[in-house]
Amino acid sequence: MIAAEMQGRYGSYNDGALGSGGGTMGYPPHQRRPMEPEDDDGYYDGDRQHPDDERGGDEIMDAALNESDRPPNAGDDDANTTATGADEAVLDLAELEQLQEEAERMKGLGNKHMAAQEYTRAYNAYSAALQLSPVGPSSHVFLSNRAASLLSLKRYSAAAVDARRAVALAPTFGKAHARLGQALYFLKQYAGAVEAYEDALRFEEEDGNAGGGNSAVTRAYLQKAKEKLAKQEERERRKR
């Protein structure tokens, strides 16, 4: 995967501690030492301290030592974290785009298998597309197409499951409703088939595809489903 391959390139790192040299710095005789006051302005030399500072000499020295112990690059941690997070976001986006491209390629392969009536291979290709992009922008199409392959394999219950999942992801996708209707028709669930076919035609009309070949097939199956439903209901009434 891209994220795994790029991990070495953007691996975490630790800043090394900066050492400090020992010894003292000499000053030319004509210059005052930094702690030697030029006049009696209150800054301490030795035990002397600023008049506004109420701390004792030991407290002042401890505070100075604590300040000197602060890591020199402590302020860089937040910047490094932000930069790393941005790099990871870019990598995640690139990985998702590549996965989606590969999923689309597998969908195209599945369509070729369907055209060649190689339904098991088509099913496997659509399944691979779903593994690559289970909830992507085209996942409802992958599910609907896999439902079509399952219908061709006469696996009607599984086809109904995939069609319902496609409808859940894209409620206005007409083909998913049509395939759900077909699955329910062959499962002899005619009431559900009629509802699914009517939804398919409604959404196809809204998309401007009401005059297509798919709509003609949907209308034909809708009429058959209505006839089967009427006979089924009549048999149920006779049993009462």
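A residue counts as exposed when its relative accessible area is over 50%, as buried when that area is under 20%, and as partly exposed in between. Keep those cut-offs handy while you click through this predicted model.

**Stop one: the end of H9**

Select Arg238. Its relative accessibility is 66%, so by that cut-off Arg238 is exposed. Now add Glu234, which is partly exposed because its relative accessible area is 29%. These two side chains form a salt bridge, with 3.4 Å between the closest N and O atoms. Color helix H9, residues 213-239, and you'll see that both partners belong to it, four residues apart, or about one turn of the helix. Why does that spacing suit a pair? An α-helix has 3.6 residues a turn, so residues three or four places apart point the same way.

**Stop two: along H3**

Next, select residues 76-115, which make up helix H3, and pick out Glu104 and Lys107 in it. They sit three residues apart, again about one turn of the helix. Show their side chains and you'll find a salt bridge, 3.6 Å from N to O. Are they buried or exposed? Neither one: Glu104 is partly exposed, at 28% relative accessibility, and Lys107 is partly exposed too, at 21%.

**Stop three: between H5 and H6**

Now go for Arg146 and Asp162. Their side chains meet in a salt bridge, 2.6 Å from N to O. Arg146 is in helix H5 (residues 139-152) and Asp162 is in helix H6 (residues 156-169), so this pair ties together parts that are 16 residues apart in sequence. Turn on a surface and check how much of each partner shows: Arg146 has a relative accessible area of 12%, so it counts as buried, and Asp162, at 3%, is buried as well.

Before leaving, add Arg165 to the selection. Which residues make up the network here? Arg146, Asp162 and Arg165 do, joined by salt bridges that share partners. If you'd like to hunt for others, the structure holds seven salt bridges.

**Last stop: H8**

Finish with residues 190-206, helix H8. Put a distance marker between its end C-alpha atoms and it should read 24 Å; at 1.5 Å a residue, the 17 residues of H8 should span 24 Å, so the two values agree. Then highlight the buried residues of H8, among them Tyr190, Tyr197, Leu201 and Phe203. Asp199 and Glu204 are on the buried list too, along with Ala193, Val194, Ala196 and Ala200.

Technical notes:
Residues numbered from 1 in each chain as written. Predicted model: local features only at pLDDT ≥ 70, side-chain atom pairs only at ≥ 80, totals over all residues. Heavy atoms only, no water. Helix = DSSP H or I, 4+ residues; strand = E, 2+ residues; numbered from the N terminus. Expected span 1.5 Å × (residues − 1). Buried < 20%, exposed > 50% of the residue type's maximum accessible area, 1.4 Å probe, protein only. Salt bridge = Lys/Arg side-chain N within 4 Å of Asp/Glu carboxyl O.
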